[in-house]
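Keep the sequence and the model side by side as you read. The tour runs from a sheet to the helices, then to the core and two loop residues.

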Amino acid sequence: MCGRLSQYRGIHDFVAALSMPGALINSVGDQPLGRYNAAPTMQLALFHIAENKLHADAVRWGWRPRWATDRAAPINARVEKVAHGPFFRQIWPHRAITPVDNWFEWVDEGGPKKQPYLIRRRDGAPVLCASIGQLPDAHEGPGEHDGFVIITADSAGGMVDIHDRRPVVLAPDLAREWLDPATPKERAEQIALHQGEPAKAFDWYRVSTAVGNVRNQGPELITPHAQ
C-alpha cells in the first residue's frame, strides 16, 4: 500500500458507516475533513474505544517504538507479522479503525511518470481500515509519541496489478468487533488475517499525476483521468 489516501467526508459520515450506537467523543470537529491527498506524518481522523465510548481523534499517521531510532516511522504493518513481531508488540493490543474515502497507488505503465490510481469501495461506502496505534489517553488527551499504522495484506484478484499490498478493510460488523476491547487478541488476529474485504469489493481508476505532489489538495484529485 502506498502512502497516500483521502479522508474528505465529515466524521459523522464515517460514524454512520461504522453503524455504532452510543456516545461519540469527537475531537476532530463536525466539518468535512477535506483531506483529498493525505500523506504520512499528517494528523488523520481515527476511531478507537476508551471507557466504553467511541472516540474520534486526530492522530499522526506513522509510529515506531522509542527504541527504533534508526529508521523512519512505518505507516503500515504486515498482517502476517504484526501480532507476533517485536516491533509492534507495544501497540498490537490498541486497535483502531482508520476511516477513509479511498487510497492511491502508483503503477509503472511505461510512461515518463508512474500512473496514479484511486482505489475505493465499489458501493461508494467509506473504507474502514484495520489499524493499531499509540492512541490519545481518554483523560490526558494526545501524547507526544502517539501515532498509528494501517494493517496491510497481500492483494488478490485484479488488485494485484495495481499493487501487491492493500489495507485490511473490514465490513462494519467486523470493524465493530475489531474495535471492541473485549475481543480477544487471538480473534482480532483471525479477523485481520482472514476476514478483510475481497478485491471484488473495490474498483479503481486512473487519476491525475497531480496527486503525486502532497501540496495539491481538492476534489479534482479524485476525478477519473483519461489515459
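Start with a strand pair in this predicted model. β1 and β3 are joined by two bridges, and they run in the antiparallel sense. Across this pair, Q7 stands opposite R35 of β3. Strands of a sheet pair through backbone hydrogen bonds, either parallel or antiparallel.

Now widen the view. The pair belongs to an open sheet of five strands, ordered β3-β1-β8-β9-β13, with antiparallel pairing. Which strands stand at the edges? They are β3 (35-38) and β13 (202-206). Each has a single partner strand, so one side of each is left without a neighbour in the sheet. On average, neighbouring strands of this sheet are turned by 25° against each other, direction ignored.

Stay with β1 and look at S6. This serine sits in strand β1, residues 5-7. Is S6 buried or exposed? Its relative accessibility is 0%; buried means under 20%, so S6 counts as buried. The side chain of S6 reaches the backbone oxygen of Y36 at 2.7 Å. Beyond its neighbours within four places in sequence, S6 is in contact with R35, Y36 and N37. The other contacts counted this way are V100, D101, N102, F104 and I222.

Turn to the helices. In α1, the buried residues are I11, F14, V15 and L18. Viewed down the axis of α1, these buried residues fall within an arc of 100°, so they line one face of the helix. In α2, the buried residues are L174, A175, W178 and L179. They cover an arc of only 140° around the axis, which puts them on the same side of α2.

Next comes the nonpolar interior. In soluble globular proteins, nonpolar side chains tend to be buried together. Here the largest nonpolar core holds 36 residues. Which of its members touch the most other members? They are F47, F88, I132, L170 and W178. Several elements give two or more residues to this core: the helices α1, α2 (172-179) and α3 (185-194), and the strands β4, β5, β10 (127-134) and β11 (147-154). Another core lies apart from it, with 26 residues, among them L5, A96, V107 and F148.

W178 deserves a closer look. This tryptophan is one of the buried residues of α2. What does W178 contact, leaving aside its neighbours within four places in sequence? The list includes W92, R95, A96 and I97. It also includes A130, S131, I132, I151 and L170. A188, I191 and A192 complete the set.

Finish with two backbone details. Most residues other than glycine have a negative phi, and most peptide bonds are trans. S19 has a positive phi, near 55°. This serine follows α1. It lies in the loop between α1 (11-18) and β2 (24-26). S19 is partly exposed, with a relative accessible area of 45%.

N52 also has a positive phi, near 65°, and is a residue other than glycine. Where is N52 found? It is in the loop between β4 (43-50) and β5 (53-60). Both of these strands give two or more residues to the largest core. N52 itself is exposed, with a relative accessible area of 79%.

Technical notes
Residues are numbered from 1 along each chain as its sequence is written. This is a predicted model: local features need pLDDT of at least 70, side-chain atom pairs count only at pLDDT 80 or more; totals for chains, interfaces and linings use all residues. Side-chain values use heavy atoms; hydrogens and water are left out. Helices (H or I, at least four residues) and strands (E, at least two) are DSSP runs, numbered from the N terminus. Buried means under 20% relative accessible area, exposed over 50%, partly exposed in between (1.4 Å probe, protein chains only). A nonpolar core is a set of buried Ala, Val, Leu, Ile, Met, Phe, Trp, Tyr and Cys residues joined through side-chain atoms within 4.5 Å. Contact means heavy atoms within 4.5 Å. The arc is that of the directions from the helix axis to the C-beta atoms. A polar contact is a pair of N or O atoms within 3.5 Å; within protein, one must be able to donate a hydrogen and the other to accept it, and residues adjacent in sequence count only if both atoms are side-chain atoms. Two strands pair if DSSP finds at least two bridges between them. Axes are lines fitted to C-alpha atoms, for helices over the stretch in contact, and angles run from 0 to 180 degrees between N-to-C directions.
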